[in-house]
Amino acid sequence: GSAMAVGASVVVAAYTVGTRLRRRAALPALVLTLAGLAVEFGVSGDLGGPADLVGVMIVVVAARWLGDTLRTRREHATALEARTKGLEMRTRELEEAREELARRAVVDERLRIARELHDIVAHSMGVVVVQAMVADAVLTDDPAQERRAVAAIRDTGRSTLDELRGLLEAEAARACAEK
């Protein structure tokens, strides 16, 4: 009877110590508790015999172990949650970096296309201007040269349009394939 009353309060205390303190800090408290129980059982004859003392000590140690296990699991859960949040943040950062790289790649590709278009148009227009100047200079003097200059202007214009069309079609096909 009274061994159970003493044991119950000590069990609750041992469990609480286990949930609050780490093993190294709680060990002296456990040793002192068990020593105190042994003294109490020895001094007070009405708490029971050695078998009762051993039973209470086992229950106290089990309560302490159970409290420690619960504390340890809570610590692990908290650490895991912190790591998970850290990973989620890192994942978001990596996703944002990937999106930024994709945006930069689009801008770089547009700049490349713009440079290529500029080169094609600038070259072709230069040829057209030179041939037009030739046609103007020989317009009345040499009809054969005039026809060659006009044909060169026509061919350069067609070639430029074909190159532009090909470039734009290739870029449109590539853009569709990426989606």
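## T19 in helix α1

T19 sits in helix α1, in a model that is predicted. Is T19 buried or exposed? With a relative accessibility of 11%, T19 falls under the 20% cut-off, so it counts as buried. Leaving aside residues up to four places away in sequence, T19 touches G67, D68, L70 and R71.

A word on confidence, since T19 belongs to this helix. Helix α1 covers residues 2-20 and has the lowest mean pLDDT among the elements of the chain, at 79, while α3 has the highest, at 88. Over the chain, pLDDT averages 84, and 93% of the residues score at least 70. Where pLDDT is low, the predicted coordinates should not be read in detail.

## A salt bridge between distant parts

Next come the charged side chains. Side chains of opposite charge can pair when their charged atoms come close. How many salt bridges does the count come to? The count comes to 14.

One of these joins E75 and R22, whose side chains meet with 3.4 Å from N to O. The pair links distant parts of the chain: E75 is in helix α3, R22 is in the loop between α1 and α2 (23-43), and their positions lie 53 residues apart in sequence. How open are the two partners? E75 has 29% relative accessibility, which is between the 20% and 50% cut-offs, so E75 counts as partly exposed. R22 has a relative accessible area of 54%, over the 50% cut-off, and therefore counts as exposed.

## Pairs within one helix

Other salt bridges stay inside a single helix, and R90 with E93 is an example from α3. Their closest N and O atoms are 3.4 Å apart. Because R90 and E93 are three residues apart in helix α3, about one helical turn separates them. Both are partly exposed: R90 has a relative accessible area of 46%, and E93 has one of 40%.

Helix α4 has a pair of its own, D162 and R165. Here the closest N and O atoms are 3.0 Å apart. D162 and R165 are three residues apart as well, about one turn of the helix. D162 is partly exposed at 48% relative accessibility, and R165 is partly exposed too, with a relative accessible area of 45%. Elsewhere, salt bridges that share partners join R22, R23, R64, D68, R71 and E75 into one network. Two members of that network, D68 and R71, have already come up as residues that T19 touches.

## The largest pocket

Now for the open space in the model. The largest pocket holds about 310 Å³ of space. Which residues lie nearest its centre? They are V106, E109, R174, A175 and E178, out of ten residues that line the pocket.

Two helices, α3 (50-138) and α4 (143-178), each supply at least two residues of this lining. Helix α3 gives the most, with five residues. What is the lining made of, in terms of nonpolar, polar and charged residues? It divides into six charged and four nonpolar residues, with no polar ones. So the helices that hold the pairs R90 with E93 and D162 with R165 also contribute to the lining of the largest pocket.

Technical notes:
Residues are numbered from 1 along each chain as its sequence is written. This is a predicted model: local features need pLDDT of at least 70, side-chain atom pairs count only at pLDDT 80 or more; totals for chains, interfaces and linings use all residues. Side-chain values use heavy atoms; hydrogens and water are left out. On a 1 Å grid over the protein atoms alone, a cavity is a set of points where a 1.4 Å probe fits but cannot get out, and a pocket is an open set with protein on both sides within 12 Å along at least five of seven lines; lining residues have an atom within 4 Å of a point. Grid points are joined across faces, edges and corners, and a volume is the space filled by probe spheres set on the points. Helices (H or I, at least four residues) and strands (E, at least two) are DSSP runs, numbered from the N terminus. Ala, Val, Leu, Ile, Met, Phe, Trp, Tyr, Cys and Pro count as nonpolar, Asp, Glu, Lys and Arg as charged, and the others, Gly among them, as polar. pLDDT is the predictor's confidence in each residue, from 0 to 100. Buried means under 20% relative accessible area, exposed over 50%, partly exposed in between (1.4 Å probe, protein chains only). Contact means heavy atoms within 4.5 Å. A salt bridge is a side-chain nitrogen of Lys or Arg within 4 Å of a carboxyl oxygen of Asp or Glu.
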